[in-house]
Amino acid sequence: MSDELPDRDADKALAGEYALGLLPADEAAAFESRLVNEPELRAFYAEWCEDLAGLTDRIEPVAPPPWLHARIESELFGSTGHKTSFMRWVAGFLGGLAAAALALGLIFGADLVPSGPQAPTDPVYVAEVSAEDGSLVVAASYDADAGELFVDRREGDAREGRALELWLIAGENAPVSLGVLPGEAQAALAVPEGLRPQLDGGVLAISDEPPGGSPTGAPTGDVLAVGEITNT
């Protein structure tokens, strides 16, 4: 691999070489050690595995002629004893593969394949909605293709018995709710089509509201965090 590649691109290429079985034993072992502690590297590896597995999707299966199986058995084994011995070896080998797969699952867990909403790779707009004292920080990025605003709550949470509601403020217009932030740190909020043009140059704000959000359609509690929307 080229030393001039950025670290992230180099890791993605390294994951591809590992998935293809191209790494020498020592480099493969070092890569596996990193997989345990680096979720992003595991995500790169999972992407490569999915892409490589998809290469066979367009290949139509072809059923072999009925006589082929018997002929292969006859030429390979000759006698029943050899066949039985070979099949026992195959069963043991497959059992070993199953054990290895289980071990990988225990080591890497569910983080091997990313789950839940994912931040857009090429957002049109971004914002950091934060409190002055840093007690609440939410990063937001807009996916124009999906019409969704990805939010990542990096600091803070709703007060007990309360909810955090996200608002869009465009110019002198009244705030418009984009929804209540869920309990999970990351979420994707659908932006109504009519509001999407107002993201450009707008402001995001988070207010403290009753469970389920403001009952009036306007902020009723304290404004906890504010952030300007910028173009990427």
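How many cavities of 30 Å³ or more does a search of the whole structure find? Just one, in what is a predicted model.

**View 1. The largest cavity and the residues around it.** About 30 Å³ of space sits inside this cavity. Its lining is made up of Tyr125, Val126, Ala127, Ala140, Tyr142, Leu149, Leu199, Leu204 and Ile229. Two elements, strand 1 (125–130) and strand 2 (137–143), each hand over two or more of the lining residues. Strand 1 gives the most, with three residues. As for chemistry, the lining has nine nonpolar residues, no polar ones and no charged ones.

**View 2. The largest pocket, between domain 1 and domain 2.** Here we're looking at about 330 Å³ of space. In all, 15 residues line the pocket, and Arg8, Glu47, Gln118, Ala119 and Thr121 are the ones nearest its centre. Helix 1 (7–19), helix 3 (39–53) and strand 3 (148–155) are the elements that give two or more residues to this lining. Helix 3 has the largest share, at four residues. Why does the pocket lie between the domains? Because domain 1 (6–62) and domain 2 (125–231) both give residues to its lining. The lining is a mix: seven nonpolar, three polar and five charged residues.

**View 3. The two sides of helix 2 (residues 25–37).** Ala28, Phe31 and Leu35 are the buried residues of this helix. Seen down the helix axis, they fall within an arc of 60°, so they line one face. Flip to the other side of helix 2 and you'll find Asp26 and Asn37, both exposed.

Terms used: Residues are numbered from 1 along each chain as its sequence is written. This is a predicted model: local features need pLDDT of at least 70, side-chain atom pairs count only at pLDDT 80 or more; totals for chains, interfaces and linings use all residues. Side-chain values use heavy atoms; hydrogens and water are left out. Buried means under 20% relative accessible area, exposed over 50%, partly exposed in between (1.4 Å probe, protein chains only). The arc is that of the directions from the helix axis to the C-beta atoms. On a 1 Å grid over the protein atoms alone, a cavity is a set of points where a 1.4 Å probe fits but cannot get out, and a pocket is an open set with protein on both sides within 12 Å along at least five of seven lines; lining residues have an atom within 4 Å of a point. Grid points are joined across faces, edges and corners, and a volume is the space filled by probe spheres set on the points. Ala, Val, Leu, Ile, Met, Phe, Trp, Tyr, Cys and Pro count as nonpolar, Asp, Glu, Lys and Arg as charged, and the others, Gly among them, as polar. Domain bounds come from an automatic or database domain assignment.
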